[in-house]
Amino acid sequence: MPLFFSLVLIVGMVLGFKLRDSLRNKRDISTIVKRNDRLEELIELIKERYVDTVNTDLLYQDAVTGILDPLDPHTVYISAEDARIANSELDGGFSGIGVEFSIMHDTVNVTSVTENGPAAKAGMVSGDQLIKVGDSVVAGTRITSERIMALLRGRQGSNVSITIRPIAYEGSRTVQVTRDMIPLYSVDANIMLDSRTGYIKVDRFSATTYEEFTKALAELKKEGATQLIVDLRDNRGGYLDAATSISDELLDNDKLIVSTRGRHTPRIDHSAKEKGAFESGKLIVLVNESSASASEVLAGAVQDWDRGLIIGRRTYGKGLVQEQYEMPDGAALRLTIARYYTPSGRSIQRSFSEGRDVYNEDLENRLLDGELTGKEQVRPADTTPYHTAKGRLVYGGGGITPDVYVPYDTARWSDPLFKRAFSDEMRQAIHDHYVRNRDLLSYSSIQDFTRAFNGEDKIISNYIGLLPPDEQRQVAKHITVQGSNKLFRTQIKAQLARYLFRDNGYYSIRLREDAMVNKALSIINGTQYDAILNGQRIIAQNK
């Protein structure tokens, strides 16, 4: 994987923690601390006497950040705007019209409409294009996703006039839409991978995740699922109670899930209490280097009790508990108050003794030294031994080390066609194909679409036509390579399936080329599952 992508991943991790990873408990900081008069006097003096104009809000924020810098990397000050976004993500919804969109060639294209949402009730469908929102024209080179979202969101019950260019006919029309609460789903997909294996992809642990998970699990069991794969890759955490509630569905007999302990907080044990919906049956949890906090709580409990197998790569290593304190201006302080400990007693928090910069470079270093790519043997970050219920040796202090290691597929990232499958031109070609062939794409099910659709060549041809002449020849050359071509076509088909069947359609097709999922399927359907639970450790090599 190129260094650029590793840096993007690391930046995303840092932002993800700032925006997502907190306990559900929020407290008004005014009840805990008083304003520091010396700091206020200093900022006021700078405001009144400094030679140039100064943004005192930013000055105050920088001062607070400086105070927090010597503490752990997850004690953070969050601006009012970031706090608002974070809270809407974790609370599971916001007030808007209920559409997803993509900006292609300076045009806002509706890619998905929330079922029974305000936009759907107004007659909007996927493929429509937005022309105006209220009095604001939403087209042109300066339009941004942030600008569109600001216009579409608003107070629940408020009305907004939207001018659209409909997919169904030429011209334009104006619809009146009444904003309402729009759910932000945290369970991205629930599908059957084969006749007995269910798959659930959990993106984050929000206020609605447990309800979404139990609903997804019930649907899969009705379809015949007797074994389960839970995908926590790139899940950076969220509410602890969502993770413990899901763990309760998987563990039996009052088993300890996680405990928290801090210098000023008493030990709190979270244990399985209710009769779970999946306490027996083969279970695999998928993790990677971006699985953090609440994800590690769930994975750690499953591993320590030998309830199932952990497959993937060593997790992020974030085992600190934050409590959120609200500022009068809407900003927030997330203060670390305790540590997580798995049932075997492991702390999964990796060291931050060398400072925040070194801490945030960990993922890049793991990439460079070969741990993520399989060039080097996976080494525990902390050699303090712990044992699972069956006596298997496990380690703490650096995340959850998987039972089956699957290295990062660097060949996929370096494949030129793979990158092009997610380019603006490809998104445009797929969107255009959907718009032009909407009536012909009326498949009854994902399975029907998977079997019958064979229009990849048309999409590729349209895509190539959108490229400059020199790039057209380059892409045509790469398409002749069988491996690249297969992956390229799979991604095209998966993205089109999202238009038709939402995320379930996308994952149903994309996961066919997923090395980690395929390894999990081979283990859960084979003879290795029980052997690994009894202490055998294996490494999966990408082909």
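Ring pairs gather Tyr-443, Phe-449, Phe-453 and Phe-501 into a cluster. The model is predicted. The aromatic pairs in it number eight.

**Aromatic pairs**

One of these pairs joins Tyr-316 and Tyr-359. The ring centres are 6.3 Å apart, and the planes meet at 75°, an edge-to-face arrangement. Tyr-316 sits in the loop between strand 17 (309–312) and strand 18 (320–326), and Tyr-359 in helix 10, so the pair ties together parts 43 residues apart in sequence. Tyr-316 is buried, with a relative accessible area of 3%. Tyr-359 is buried too, at 2%.

Tyr-359 has a further ring partner, Phe-352. Here the centres are 6.5 Å apart and the planes stand at 75°, so this pair is edge-to-face. Phe-352 is partly exposed, with a relative accessible area of 26%.

**The chain as a whole**

The chain has 543 residues, of which 51% are buried. It holds 20 helices and 23 strands. Of the contacts with a separation of 6 or more, 71% join residues 24 or more positions apart. The exposed area is about 25800 Å², and carbon and sulfur atoms supply 49% of it.

**Nonpolar cores**

In soluble globular proteins, nonpolar side chains tend to be buried together. The largest nonpolar core of this chain has 79 residues. Ile-200, Phe-205, Leu-228, Ile-284, Ile-311 and Phe-488 touch the most other members. Helix 18 (residues 482–510) gives the largest share, 10 residues.

What does Ile-311 touch, leaving out residues up to four places away in sequence? The list runs through Ile-284, Val-285, Leu-286 and Val-287, then Pro-402, Val-404 and Val-406, and ends with Met-516, Ala-520 and Ile-523.

Another core, of 21 residues, lies apart from the largest one. Phe-101, Val-108, Ile-143 and Ile-164 are among its members.

**Helix 6**

Helix 6 (residues 145–152) has Ile-148, Leu-151 and Leu-152 buried. Viewed down the helix axis, the buried residues fall within an arc of 95°, so they line one face. The face turned away from the buried side carries Glu-146 and Ala-150, both exposed.

What do the buried residues of helix 6 pack against? Their partners are strand 3 (93–96), strand 4 (99–104), strand 5 (107–113), strand 6 (129–133), strand 7 (136–137) and strand 8 (159–165).

**Salt bridges**

Side chains of opposite charge can pair when their charged atoms come close. The whole structure contains 23 salt bridges. Three of them are set out here.

| Salt bridge | Closest N to O distance |
|---|---|
| Lys-201 and Asp-231 | 3.8 Å |
| Asp-424 and Arg-427 | 2.5 Å |
| Asp-514 and Arg-510 | 3.8 Å |

Lys-201 and Asp-231 meet in a salt bridge. This pair links distant parts of the chain: Lys-201 is in strand 12 (residues 197–202) and Asp-231 in strand 13 (residues 227–231), 30 residues apart. Both Lys-201 and Asp-231 are buried.

Asp-514 and Arg-510 form another salt bridge. Asp-514 counts as buried, at 6% relative accessibility. Arg-510 does so at 16%. Salt bridges with shared partners join Lys-201, Asp-231, Arg-233, Arg-510 and Asp-514 into one network.

Asp-424 and Arg-427 are both in helix 14 (residues 424–436). They are three residues apart, about one turn of the helix. Are the two buried or partly exposed? Asp-424 is partly exposed, at 48% relative accessibility. Arg-427 is partly exposed as well, at 24%.

**Ser-347**

Ser-347 lies in the loop between strand 19 (332–341) and helix 10 (356–360). With a relative accessible area of 18%, Ser-347 is buried, because the limit is under 20%. Beyond its neighbours within four places in sequence, Ser-347 is in contact with Arg-339, Tyr-340, Tyr-341, Gly-396 and Gly-397. Ser-347 and Gly-397 are 50 residues apart in sequence, yet 5.7 Å apart in space, C-alpha to C-alpha.

Technical notes. Residues are numbered from 1 along each chain as its sequence is written. This is a predicted model: local features need pLDDT of at least 70, side-chain atom pairs count only at pLDDT 80 or more; totals for chains, interfaces and linings use all residues. Side-chain values use heavy atoms; hydrogens and water are left out. A nonpolar core is a set of buried Ala, Val, Leu, Ile, Met, Phe, Trp, Tyr and Cys residues joined through side-chain atoms within 4.5 Å. Buried means under 20% relative accessible area, exposed over 50%, partly exposed in between (1.4 Å probe, protein chains only). Helices (H or I, at least four residues) and strands (E, at least two) are DSSP runs, numbered from the N terminus. Contact means heavy atoms within 4.5 Å. A salt bridge is a side-chain nitrogen of Lys or Arg within 4 Å of a carboxyl oxygen of Asp or Glu. The arc is that of the directions from the helix axis to the C-beta atoms. Accessible areas come from the Shrake-Rupley method with a 1.4 Å probe; for residues, only the protein chains shown count as cover. Rings of Phe, Tyr and Trp (its six-membered ring) pair if their centres lie within 6.5 Å; planes under 30 degrees apart count as stacked, over 60 as edge-to-face and the rest as tilted.
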